[in-house]
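Visitor: I should be grateful for a close look at one part of this model. Please take a single helix together with its surroundings, and treat the matter in one connected account.

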Amino acid sequence: MALLAVGCAAQPTAGTPPAPAFNATDTAWIQLMIPMDERALLLAEPAPSRKGDPALAALAARTGLRLREDLVRLRDLLELSGIPDTRPHEGHDMPGMVSLDTLKRAGTATGRAFDRILTDALRAHLTQSRMLCASEHTQGQAGKAKEEAAAVARSTAEQISWLDELRPAEPAASGGATPATVP
């Protein structure tokens, strides 16, 4: 009778295997990209009101739209992963993350000074985002997370191109000094 009961149980079927579970790289990538994108969005949103370059303000608006879209998908991935939203990177200032100091400086800046802050911070954010997406692509396990990382990487590459058209990257100063901020 026990064999008969086992035989009636649902059996695995051939076809598409289940999606792999989220590994530590997947969840770390999601948990890092969310606060990075949130901070970048806080910088991009006020750009049109800062009386700077209209083309740069338009780029910031497009970037803001993409960041909001990315955040929706990243939060969906976090929920799908089953990892609670504990915000382990809250308050951190890491490479590519718009710092609280940068947000403070941007909050009082207008015109060329704001444009410079926006340009530098967006370039750093986009560059770091691409690097993190590359790591997710090679070390992540969950297909949906890897797909999102690929989409974000393509989007950031496009945004970097737009930024380069408007404000080419400045060469690094020799001797480790940082370039002066344009007022």
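Guide: A definition comes first: the axis of a helix is here a line fitted to C-alpha atoms over the stretch in contact, and the angle between two axes runs from 0 to 180 degrees between their N-to-C directions. Two packed helices are described by the angle between their axes and the distance between the axes. It should also be said at once that this is a predicted model.

The part chosen is helix 2, with the loop that lies between helix 2 (24-44) and helix 3 (54-81). Helix 2 packs with helix 6, residues 143-166, at an angle of about 45°, and their axes are 10 Å apart. Helix 2 is therefore oblique to helix 6, since an angle that is neither under 35 degrees, nor over 145, nor from 65 to 115 counts as oblique. The crossing of helix 2 past helix 6 is left-handed. On the side of helix 2 the contact is made by Asp-26, Trp-29 and Met-33, and on the side of helix 6 by Ala-145, Glu-148, Ala-149 and Val-152.

Thr-25 also belongs to helix 2. Its relative accessibility is 27%, so Thr-25 counts as partly exposed, the class that lies between buried, under 20%, and exposed, over 50%. With neighbours within four places in sequence left aside, the contacts of Thr-25 are Ser-135, Glu-136, Gln-139 and Gly-140. For one of these, Ser-135, the separation from Thr-25 is 110 residues in sequence, while the C-alpha atoms are 8.1 Å apart in space.

The account now passes to the loop. Pro-48 has its place between helix 2 and helix 3. With a relative accessible area of 55%, Pro-48 is exposed. From the C-alpha atom of Pro-48 to that of Leu-59, 11 residues apart along the chain, the separation is 9.7 Å. Lys-51 is found in this loop between helix 2 and helix 3 as well. The relative accessible area of Lys-51 is 72%, and this residue is therefore exposed. In its backbone, Lys-51 has a phi near 55°, which is a positive value in a residue other than glycine.

One remark on aromatic side chains completes the account. The count of aromatic pairs comes to 0, where a pair requires ring centres within 6.5 Å. A charge does sit over a ring, however: the charged end of Arg-62 lies over the ring of Trp-162, 4.0 Å from its centre.

Technical notes. Residues are numbered from 1 along each chain as its sequence is written. This is a predicted model: local features need pLDDT of at least 70, side-chain atom pairs count only at pLDDT 80 or more; totals for chains, interfaces and linings use all residues. Side-chain values use heavy atoms; hydrogens and water are left out. Rings of Phe, Tyr and Trp (its six-membered ring) pair if their centres lie within 6.5 Å; planes under 30 degrees apart count as stacked, over 60 as edge-to-face and the rest as tilted. A charge sits over a ring if NZ of Lys or CZ of Arg is within 6 Å of the ring centre and within 35 degrees of the ring normal. Helices (H or I, at least four residues) and strands (E, at least two) are DSSP runs, numbered from the N terminus. Buried means under 20% relative accessible area, exposed over 50%, partly exposed in between (1.4 Å probe, protein chains only). Contact means heavy atoms within 4.5 Å. A crossing is left-handed if the near helix is turned anticlockwise from the far one by less than a right angle, and right-handed if clockwise.
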